[in-house]
Amino acid sequence: MFGGNLTDQDKGLERIFRPLPQTVIQANISPTEYEAAMKRGEIDFEGFWEEAAEELDWFKKWDKVLDRSGAPFYRWFVGAKCNIVYNALDRHIETRIKNKVAIIWEGEPGDMRKLTYYELYRKVNKFANVLTSLDVKKGDTVAIYLPNIPETAIAMLATAKIGGVHNVIFTGFSAMALRDRLKDADARVLVTADGFYRNGKVVNLKAIVDEALEECPGVETVVVVKRIASDIDMIDGRDLWYHELVDVESPEVEIEVMDSEDPLFIVHTSGTTDRPKGVVHVHGSYMVGVYKTFQWIFDIKETDIYWCAVDIGWITGHSYGVYAPLMAGATTVMYEGHVLYPKADRMWSMVEKYGINILYTSPTIIRMLRRFGSHLPLRWDLGTLRLLGSVGEPISPEAWLWYYKNVGKENCPIVDTWFQTETGMIMISPLPVSLLKPGSVGKPFPGVLMDVVDTHAKSKKPGEEGFLIVKNPWPAMFTTLYKDPQRYREIYWEKFPGYYYTGDMAKKDADGYIFVRGRADEVLNIGGQRVGALEMERALRDHKAVEEAAVVGIPDRIKGEVAKAFVVLKKGIEDSDDLINELKNKIRHELGSIAILKTVEFVESLPKTSSGEIMRHVLKTSQGSSKEAE
Ligand code: PRX
């Protein structure tokens with residue numbers, strides 16, 4: 001039962017939390033409607049999603065909801081014409097949302113900007129005209145290497161508005177990682193900033209860009225947002241200031257009429273190969289899936305202030321930081337910096353200051369803040385909160401209960417949302433009116449059919465661990481891997497023919513509640529970010545001292561998981577602490593700050609199968625025999 005009788009001793013493993021009466025009264029969807037939607041989704045998921053699509057604006061409606069003829073290259077809303085930016089922005093300009101605040105932005109030093117929907121609309125149009133003047137046409141990629149500042153959303157929306165394809169690259173990526181992604185996405189135009197503030201320091205973004213572009217001749221133009229107003233090198237003929245370009249442009253632009261299946265963006269993610277892959281999402285089905293899940297899971301109201309406290313560069317930032325809240329006409333908060341800066345109560349101070357109602361963040365952040373104690377959230381008025389969200393990695397019942405009790409004050413349901421870069425939209429989550437079980441992501445969203453199965457795609461019994469799969473096409477699904485449709489088919493659709501393989505292991509309980517255990521493949525989840533073991537191994541193998549390397553994930557109290565490398569050195573090379581540091585730095589330099597290599601262990605050889613595959617599960621459990629250093 002809900003109630004105020006939680007204690008620190010309460011581990012909550014078996015607890016069930018019933019929906020709060022006040023949540024049920026005001027929810028966008030009642031428990032009975034939710035039950036009916038679940039049934040409807042099972043019998044007729046196409047009809048369910050077609051109805052959801054009717055809630056949005058289209059230039060032309062579809063001839064067919066779903067075309068399966070080219071499976072697994074499914075096509076949704078075939079024949080329809082639309083543009084997601086029309087739903088996120090243009091249509092609001094005709095309504096009372098026009099003058100509502102769309103984005104409240106706070107910089108790390110404490111500076112602040114607010115943009116109404118109308119102001120955002122004009123800025124997007126101006127930048128769209130800039131892009132056109134730079135010869136960006138329908139189907140062209142625009143790369144965006146920007147932190148959480150309004151210009152990131154503006155650049156995304158402007159690109160999409162004229163039919164371009166945006167490729168946002170997380171600013172934690174190093175020059176080499178940036179270069180690889182720019183090349184893969186065939187970007188000709190890159191939008192970046194001179195720098196930004198992070199944890200009390202300035203990150204010189206433009207210097208990283210300059211290094212990346214030394215080996216990236218495809219990028220002809222770099223548009224630079226002035227964020228820190230520092231002295232930077234601007235290369236003649238290549239680099240242009242953002243503010244100078246937008247100043248002279250008109251605030252009106254014609255929106256490009258897109259086919260439902262035309263690409264909207266590419267986001268790179270790590271997988272089971274040694275290169276990141278470009279996940280492609282399209283306008284029509286993406287907007288439907290993201291819109292509907294946001295309405296029901298986040299239970300958004302016109303008066304809400306919503307904060308998706310993650311980086312825009314990731315899928316969560318795209319779907320639920322930019323597109324969903326704008327389509328819903330909500331007010332969304334964006335924060336530039338580190339949540340511990342200048343102190344560990346930065347988030348709580350922002351909740352109080354802006355009166356935030358819905359807070360969506362990651363278990364890593366929750367664990368980090370929990371470490372600083374329960375007294376910090378007590379110092380701030382968190383009374384406006386009415387819904388909490390978690391995403392990106394499994395949350396333990398203990399961390400869930402801490403969040404529930406100390407942040408939500410036992411008055412806020414927690415929606416633990418499971419999804420992936422590939423799925424585009426949340427696939428599994430409780431709704432605010434659901435029963436909640438700490439540590440469980442709840443049930444699949446209505447119209448999404450998922451299961452936990454054995455290697456023959458046979459359902460596992462309740463409580464048994466198995467592979468998590470999706471049994472039906474869903475609207476916000478990615479449509480291919482950029483320039484690599486064969487890999488799309490092989491990686492995701494061949495292991496369980498006819499079904500989508502998530503790469504995750506999970507359990508289902510007798511009520512159908514899903515508990516995600518983690519990845520089944522060679523992908524690490526470091527602080528909620530996916531890092532490919534094979535990408536790290538490739539970087540290690542490139543080192544002159546290294547003969548062979550294998551990387552596995554090991555548990556970490558804050559980050560959930562970090563990497564440990566087993567390294568076989570070339571003959572005659574001595575191990576040393578300097579070498580360990582060199583290897584760690586190499587990983588950081590090539591993959592970026594998210595790829596945390598915590599431990600290196602030197603070994604004589606790696607355990608392998610008869611066909612030469614490294615047996616990572618053996619390494620995961622082994623204690624190793626030789627020198628280990630942290
Ligand atoms: O392992 C699952 C984990 O994150 C993976 C997807 O990572 P990415 O594509 O980077 O997207 C992260 C943000 C949606 C999944 O395969 N994951 C995501 N959400 C959860 C989760 N694991 C447990 N609980 C979650 N709520």
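The buried residues of helix H3 are covered by parts of the chain that include helix H2 (31-43), strands S1 and S2, and helix H10 (283-297). Helix H3 itself spans residues 45-54, and the residues in question are Phe45, Gly47, Phe48, Trp49, Ala52 and Ala53. The model in which this arrangement appears is a predicted one, and what follows should be read with that in mind.

Two of the elements that cover H3 also frame a notable peptide bond. Between strand S1 (64-67) and strand S2 (75-78) runs a loop, and proline 72 has its place there. The bond that joins alanine 71 to proline 72 is cis, with an omega of about 10 degrees. A second cis peptide bond links tyrosine 341 with proline 342, where omega is about -5 degrees, and proline 342 again sits in a loop, this one between strand S17 (331-335) and helix H12 (346-354). As background, most peptide bonds are trans, and most residues other than glycine have a negative phi.

The loop that holds proline 342 leads on to helix H12, which is largely enclosed by the rest of the structure, because seven of its nine residues are buried. Those buried residues are Arg346, Met347, Trp348, Ser349, Met350, Val351 and Tyr354. Just after the end of H12 comes glycine 355, whose phi is positive, at about 65 degrees.

Positive phi values are found at residues that are not glycine as well. Alanine 229 has a phi of about 50 degrees although it is not a glycine, and this residue belongs to the loop between strand S11 (221-225) and strand S12 (239-241). With a relative accessible area of 58%, alanine 229 is exposed. Lysine 409, which is not a glycine either, also has a positive phi of about 50 degrees; its loop lies between helix H15 (397-407) and strand S20 (414-417). The relative accessible area of lysine 409 is 31%, and this residue is therefore partly exposed.

Two other lysines lie within regular secondary structure. Lysine 584 is part of helix H18, which covers residues 577-591, and it is buried, because its relative accessible area of 19% is under the 20% limit. Although lysine 584 and leucine 597 are 13 residues apart along the chain, their C-alpha atoms are separated by 5.9 Å. Lysine 508, for its part, is found in strand S24, made up of residues 500-508. This lysine has 23% relative accessibility and so counts as partly exposed. Its C-alpha atom is 6.8 Å from that of valine 452, a residue 56 positions away along the chain. Valine 452 is also among the residues that lysine 508 touches once those up to four places away in sequence are set aside; the others are Met450, Asp451, Pro462, Gly463, Glu464, Tyr513 and Ile514.

The cysteines can be taken next. A search of the whole structure finds zero disulfides. Cysteine 308 is accordingly in no disulfide, and the nearest cysteine sulfur, which belongs to cysteine 412, is 17 Å away, whereas a disulfide would need the two sulfur atoms to be within 2.5 Å. Cysteine 308 has a relative accessibility of 6% and therefore counts as buried, and cysteine 216 is likewise buried, with a relative accessible area of 4%.

From these local details one can step back to the chain as a whole, whose secondary structure comes to 19 helices and 31 strands. Its radius of gyration is 24 Å, close to the 25 Å that the globule rule gives for 630 residues, so the chain is as compact as a globular protein of that length. Taken along the principal axes, the box filled by its C-alpha atoms is roughly 75 × 65 × 60 Å. Of the 630 residues, 62% are buried, and among contacts with a separation of 6 or more, 72% are made by residues 24 or more positions apart.

The surface and the charges complete the picture. The accessible surface of the chain amounts to about 24,100 Å², and carbon and sulfur atoms account for 49% of it. There are 78 positive and 90 negative side chains in the chain, and the centres of these two sets lie 3 Å apart.

How values were computed:
Residues are numbered from 1 along each chain as its sequence is written. This is a predicted model: local features need pLDDT of at least 70, side-chain atom pairs count only at pLDDT 80 or more; totals for chains, interfaces and linings use all residues. Side-chain values use heavy atoms; hydrogens and water are left out. Buried means under 20% relative accessible area, exposed over 50%, partly exposed in between (1.4 Å probe, protein chains only). Helices (H or I, at least four residues) and strands (E, at least two) are DSSP runs, numbered from the N terminus. The radius of gyration is taken over C-alpha atoms; the globule rule is 2.2 Å times the number of residues to the power 0.38. Contact means heavy atoms within 4.5 Å. Accessible areas come from the Shrake-Rupley method with a 1.4 Å probe; for residues, only the protein chains shown count as cover. Lys and Arg count as positive and Asp and Glu as negative; His and the chain ends are not counted. The place of a charge is taken as NZ of Lys, CZ of Arg, CG of Asp or CD of Glu.
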